[in-house]
Each structure stands twice: as structure tokens, then as C-alpha cells.
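Let's take a walk through this one together, with the charged pairs as our guide. Have the viewer open so you can click along.

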Amino acid sequence: MQELTLPTSEAMLDGMTHLVSERALEGETLLLNMGPQHPSTHGVLRLLLELDGEKVITVIPDIGFLHTGIEKNMEAKTYLKAEVMTDRLDYLNTMGNNLAYVMAIEKLTELDVPPRAQGIRVIFTELQRIASHLVWLGTSALDLAAMSLFLYCFREREIILDLMEMCSGQRMMTTYFRPGGLWRDVPAGFEEALREFIGLLPARIDQYEALLTRNPLFLERVVGLGVISKENALSMAVTGPMLRASGVDYDLRKAQPYSGYEQYDFEVPVHTDGDTYARYLVRMEEMRQSIRIVEQALTKLPYGPVKSNNRKYVTPPRSELGVSMEAVIHHFKLWTEGFSPPVGTVYTAVESPRGELGVYLVSDGGPKPYRVHWRTPSFNNLQILPMLSEGHLVADLIAIIGTTDIVLGDVDR
Amino acid sequence: MSDSDATSAPAYSPNAPPAADNSPSTKPNLTPNLAETVQRLIERFNARVELFRGDYTVDVGIDQIVAVCQYLRDVEGFEMLIDETAVDFWPEEMPRFHVVYQLRSIARNQILCLRVPLDGNEPVIPTVTTVYPNANWYERELWDMFGIHFAAHPDLRRILMPHDWAGHPLRKDYPLGYEEPQFTFNIDKIQAKKLNPKD
């Protein structure tokens, strides 16, 4: 039988000795590997922990296990085909990723988007935000041993996925927003289904809050944990609910409205404590505000086309193909060669459930993007994990990872 | 409205009613304030400026970038480095790379893009981690993906690719796909027959 040998600290550190304390090298503190296959790291995140007893001294995040080369792959596809890859980045915010990407193309090509398409985009990105926060709530409560909440949250999320399937044909990998509008209009029966859902959701959120918000067992696990100050959050470029929980009231939907967000009346929840509990409260309130936005967008939704009429970028409807030679030519050119935007560089950003999701798009005038860079919020929000967790217990580290709401597809791209 | 009112950017408040003229999707970042900032950058740092779709891109020299970032953070109030990335222009070599910084100011509600052209296949550029600490991971990613070396960076290791990976995948001379997956048992065979991209 082979003799079992424990890994030495040199083997585990492998070029990272400058990141741990002297005591780790002498073997006084314990180096512990957490992940990448650990249920509470929410995906394939590996953490190398330096522990003094149960106290965390250093956390070294090791990412890249889900790196799929999306930026490189997008350079080899036409603008439209590359959109399919955007769904795979942050798989809890597929519509939001679509939106950031099509907005970059629309800014580059100065393409118009009809108001009805803008309204439907808002409805779906807000539904997506609710779905993403539900997954966050369910899984991070599960990490703190609140099993039942996980089941409730996924029950409601399922309805949102059904709504997305109804319109795009897919539950998650939607590719529903297209440059210049949408793939197609919402089907009959969508409005009733959506109204039924937003009717029942507020009461369900009350139920979740009844289970957690004043629950002493939950408060014991989250209050005062993982505090990040306003100054640190800004200097580390933390965005989204994590920034707003640290007392900075910045939300791109309000600050630089896009897709018609300026028409809707909603509030941006801000807390000043900067701890795990504040982040919990901010996200819970965001779900309620998202319901308000969906309600208003649905009520105000105008009738009209859902695609731009600019035939240089948007394919003509099927009905025109039988009667117009020009439509056939456009259809053929757009589906084979694709469209070629003018030479230029744009950066667009949207507020994803996790923070600022930005697209840096470089066009060389050809039918394929020359370079697409994704500024993903999880990448930055994960970077502060060592700051958040130093000095806490390992059990608290679990709560802190949960509250950063990272999606590894978003971190690794 | 007097001129002095027009030049001061409106203070951002999240729950205030939005301004009336938000209609176009390419709403320019062009409050007079940002134009003045850009003008000051031109005068102080000899920068070049491009305006495209309402966004300013400021080209600065490689020896100026840390000073420009320091100035923008401390004097102009751009407190966040929102993004740092690069573009490869292979086979062009002068410049071969652009390193691109997106700076955001929350108080002014503006974004400004800085761009540093880099010559040659083995470029070295000073790190901005001293000014913006979150540049740490961005610069590790740029080292990993483009092979751009950041001088005096505190922790310049690969971040997304495995630590023993050869080459820098986002370079334009790096092949896309069609490669045999590397494992411990075949890594020597693969490395031996691999085309060595310019790294």
C-alpha cells in the first residue's frame, strides 16, 4: 500500500509564498485548501486559506477554473453569432449580458431601438435581477443551514424561467435581445402570466423576510461580518449592491439611465453598515423595487414594432421575403456575412444584479468584432474577499462568500 | 441659467427625478466639466484626445500614466478604476498594444477612458496599483492574456490560465482552438510540437 504523504507548505504555495505570513512557512499556521469543488464556494472557486486555529489569517483566491475564452471566441464570430456567447458569461444574468452587448453594438452603429423593445428589455432585465437575487438568497441561506428558503426561492425563480422560455424559447440561454430590438415580440398570454407573477411575489418576499430578517439565528451569523468601508469599496472599484451596502448611492439605472429607465419611478436602497447583513437588506429591497419597475414598464408598454427598420443591421421580417428582392438580399447578406459597423471603440455599462457590467468593444470595420472585453462585476467584487474575511472564523467566511454573490462564469469569462 | 451654473456638473442623487434630456441611448458624457478636465490633461501631460460617440479617449505616454492617474484621482476626483484592458494590433508593432483604463467618478457621474500605446512584442509598463489598488487583478489578467509586463507589480502571476501555461491567449498571433487538451502525461509531447507564438 502506498504511504500517504501530506503536501508540504512549499508544494501548496507554489510561487505564492509572498502572500502568506512567516508563520505559515515555519508550519505554525495551517494552510487549508477550500474548493474548487466545494458547495459553498458557489461554483469552481478555489481558496487557499491560512488558518490560526479556526481564525482566518489570509485568503488567497485562485480563479480561472471556469475560464472558457469567451473574449477570444467572440473575435472569431460575427457580431450576431458572438451574442450567443454572452449568455454563457454570467449564467444568472443572461438577459443583462445580452443587453450590455447589444447596447454596445447600438452605440457603435447608432442604431435606433423602438420604444416597445426598450420596455420589454427593461421588463426582462428586472425579472432577471429578481431571479438572480432569488438564487443568491436561496444558496447563501442554504450555506447558513436555512434549507427551506432554498426551496422557496427556486420555486419562484422557476416561474421567471418559464416566462423567459415563453418569449425566447429558452429558460436560461436566451439571446432574446438583438441589435436594434428583440428577436420577436412577446406571445399572447405573456401579460397575464407576468401580472399573475408580480401579483404573488411581494407576499412571497414577505415570507422570506419573515424567515430571516429578524431571525436571531440568522442575525447571529451575519451582523457585523465582512465589513468594508465606503473608502475601501470605492478604491477597490466594488460596484452594485455591495457598494450600496457600504453607503454609496450609485446605481447606473439612475445615474446614467439607459433603455428608458428614466421613465420609471423606483428607489435605490442604500445602507451604511457595509456588512453582510446590510448587503442582505439591500438585495431584498432591490427585489421589491424591481417588481415596481416591471409593473410600471408593463403598464406603460406601448404598441408598435420590436425591431429597428434599419436594414443594414436588422434582418427584414419573413413576410417581406416573398415580395421584395431587396429584402431577400438583406436577409442573405445579414445571415451569411453579417453587418460591418464603422471603425471605432465604445464602452457601455449596465447595472447587472452584481454591479457594473461593461462591454469594451473595438471595431475595425469588419463583420467580426476586433476585440470584446467584458468588465464583469464579480471579478472585482471577489478581489476584496481577503479584505472582508481577515480575522473572521472559517464558518463566517462561508457567510461572506455567500454575500459577495459571485458567479464564477462572470469572474472567469 | 448662467454660465457658471452650466459648467458645474449636477450633483448626483439616486432618488431625484431624472433630467429631462435623457432620451438618446448614446447620451454623451459631455458636461462642460469633462471637456475642461480633458483640456487640462492636454495642457499638463501633452495628451492627445479622441471623441467618438460622445465619449472621450485620452492617449497618454507610457511614462505619464501613473502621474495622470494620480492627478485624476486626487485632483479631479475620479476615484474608481472601473476597468483596465488591452487590445492587440498584431502584426502591427508600433504600437502593438493599447492598454485601456476606464476611470469613473461617482460624484461627477462621469467616465473617462485613458489609453497607452505600447511598442514591441515584450512591452513593459508601470503598474497603477499604487494609485488604484484594484488594478492588481486586472494587470495580472493582462500579463496572463497579453504578456504585457507590469513593472513593480506586487503579485504578477497568471490568473485565469494554469500557472504553467505557455503563451498568452488573447494575442492575435495565438491560435484559436483545435489544440489537444494538456494533461500531465502528454504535456511534453504537446509542448515539443507546439508552434511557439511570439511570447
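Start with the big count: a search of the whole structure turns up 40 salt bridges over all chains. Keep in mind that this is a predicted model, and that the distances below are computed from it.

A good place to begin is inside chain A, with A:Arg371 and A:Glu71. These two form a salt bridge, their closest N and O atoms being 3.2 Å apart. What makes the pair worth a click is that it links distant parts of the chain: A:Arg371 belongs to strand β8 (residues 371–375) of chain A and A:Glu71 to helix α3 (residues 70–74), 300 residues apart. Is each partner buried or exposed? Both A:Arg371 and A:Glu71 are buried.

Next, stay in chain A and look at A:Arg204 and A:Glu156, whose side chains meet in a salt bridge at 2.4 Å, N to O. Here too the pair links distant parts of the chain, with A:Arg204 in helix α8 (residues 190–212) and A:Glu156 in helix α7 (residues 147–168), 48 residues apart. The two ends fall into separate burial classes. A:Arg204 has 22% relative accessibility, so it counts as partly exposed, since buried means under 20%. A:Glu156 has a relative accessible area of 0%, so it is buried.

Chain A also has charged residues that join up in a group. A:Glu126, A:Arg129, A:Arg244, A:Asp251, A:Arg253, A:Glu286 and A:Glu351 are linked in a network of salt bridges. Try selecting them together to see how they sit.

Now hop over to chain B. The side chains of B:Arg40 and B:Glu76 meet in a salt bridge of 2.8 Å, N to O. This pair links distant parts of chain B: B:Arg40 is in helix α2 (residues 32–45), while B:Glu76 is in the loop between α3 (65–74) and β3, 36 residues apart. B:Arg40 is partly exposed because its relative accessibility is 30%. B:Glu76 comes out as buried because its relative accessible area is 8%.

While you're in chain B, have a look at B:Ser105 in strand β4. With a relative accessible area of 1%, B:Ser105 is buried. What does it touch, leaving aside its neighbours within four places in sequence? B:Ser105 is in contact with B:Gly77, B:Phe78, B:Glu79 and B:Gln110.

That leaves the place where the two chains meet. Here 53 residues of chain B are in contact with 59 residues of chain A. The area buried between them is about 4800 Å², and carbon and sulfur atoms give 56% of that. B:Arg53, B:Trp137 and B:Leu160 supply 15% of the area that chain B buries against chain A, more than any other three residues.

What about charges across the boundary? There are 5 salt bridges between chain B and chain A. B:Glu141 forms a salt bridge with A:Arg413, with the closest N and O atoms 3.0 Å apart. There are also 24 residue pairs in polar contact between the two chains, counting pairs with both residues at pLDDT 80 or more.

On chain B's side, the elements giving two or more residues are β3 (80–88), β4 (97–105), β5 (110–118) and α4 (135–146). Of these, β3(B) gives the most, with 9 residues. The residues on this side divide into 29 nonpolar, 12 polar and 12 charged.

Definitions and conventions
Residues numbered from 1 in each chain as written. Chains lettered and ligands numbered in written order. Predicted model: local features only at pLDDT ≥ 70, side-chain atom pairs only at ≥ 80, totals over all residues. Heavy atoms only, no water. Contact = heavy atoms within 4.5 Å. Buried area = accessible area lost by both parts, 1.4 Å probe. Salt bridge = Lys/Arg side-chain N within 4 Å of Asp/Glu carboxyl O. Polar contact = N/O pair within 3.5 Å; in protein donor to acceptor, adjacent residues only side chain to side chain. Helix = DSSP H or I, 4+ residues; strand = E, 2+ residues; numbered from the N terminus. Nonpolar A, V, L, I, M, F, W, Y, C, P; charged D, E, K, R; others polar. Buried < 20%, exposed > 50% of the residue type's maximum accessible area, 1.4 Å probe, protein only.
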